[in-house]
Amino acid sequence: MDMYFCKLRGGKRKMFCESALERIWGGRDAMALFTSRGPVAEVFRFGLVPIACRARNEDRSQVALSLNNNEVNIYGRAASEWKLQETLQGHDLRVTGIDWAPSTNRIVTCGAVSLLCI
């Protein structure tokens, strides 16, 4: 199974697929490479299912993820970990896109049946 995690480096957060990185890096352990660099790298796991899409708020203190299903989970940064704050529902099928407007702080999602939720 693929593990997805978020890495902080220089204030930026990025999503990675552990097994894809191991294939790219010739079988080397991706988790060991990220955690071996000391305090500049932090690893967060959001589960064993693929992350279909994601978006962050303006100050990057929250992230909205769709774990390849019809829900959007909003996580907030609490000290050194991410805590689930809210689960948004409204799509019948899988969520295919998320965007988070910086000025209005609104989240827009679209689903596999072309349904748009604001």
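The following exchange between a student and a tutor concerns a predicted model.

Student: Which element gives the largest share of the largest nonpolar core?

Tutor: The largest nonpolar core has nine residues in all, namely C53, A55, A64, V72, I74, V95, I98, W100 and I107. Two or more of these residues come from each of β4 (53–56), β6 (71–78) and β8 (95–100). The largest share, three residues, is given by β8.

Student: Which residues does V95 touch, leaving aside those up to four places away in sequence?

Tutor: V95 is itself a member of the largest nonpolar core, as are C53 and V72. With residues up to four places away in sequence not counted, the residues that V95 touches are A52, C53, S66, N69, N70, E71, V72, T109, C110 and G111.

Student: How many disulfides does the structure hold, and how far from C53 is the nearest cysteine sulfur?

Tutor: C53 counts as buried because its relative accessibility is 10%, under the 20% cut-off, whereas C110, at 30%, counts as partly exposed. A disulfide needs cysteine sulfur atoms within 2.5 Å, and for C53 the nearest such sulfur is that of C110, with neither C53 nor C110 in a disulfide. The structure accordingly holds zero disulfides, and the distance from C53 to the nearest cysteine sulfur is 7.3 Å.

Student: Which strands are the edge strands of the open sheet of four strands?

Tutor: The order of the strands in this open sheet is β4-β5-β6-β7, and their pairing is antiparallel. Neighbouring strands are turned against each other by 25 degrees on average, with direction ignored. An edge strand pairs on one side only, and the strands that do so here are β4 and β7 (81–89).

Student: Which residue in β7 stands opposite N73?

Tutor: Strands of a sheet pair through backbone hydrogen bonds, in either a parallel or an antiparallel manner. In the case of β6 and β7 the two strands run antiparallel, and eight bridges join them. Opposite N73, the residue found in β7 is T87.

Student: Which residue forms a salt bridge with K83, and are the two partners buried or partly exposed?

Tutor: Side chains of opposite charge can pair when their charged atoms come close. The structure holds one salt bridge, and in the pair formed by K83 and E81 the closest N and O atoms are 2.8 Å apart. K83 has a relative accessible area of 43% and is partly exposed, while E81, at 36% relative accessibility, also counts as partly exposed. The partner of K83 is therefore E81, and the term for K83 and for E81 is partly exposed.

Key
Residues numbered from 1 in each chain as written. Predicted model: local features only at pLDDT ≥ 70, side-chain atom pairs only at ≥ 80, totals over all residues. Heavy atoms only, no water. Core = buried A, V, L, I, M, F, W, Y, C linked by side-chain atoms within 4.5 Å. Buried < 20%, exposed > 50% of the residue type's maximum accessible area, 1.4 Å probe, protein only. Contact = heavy atoms within 4.5 Å. Pairing = 2+ DSSP bridges. Axes fitted to C-alpha atoms, helices over the stretch in contact; angles between N-to-C directions. Salt bridge = Lys/Arg side-chain N within 4 Å of Asp/Glu carboxyl O.
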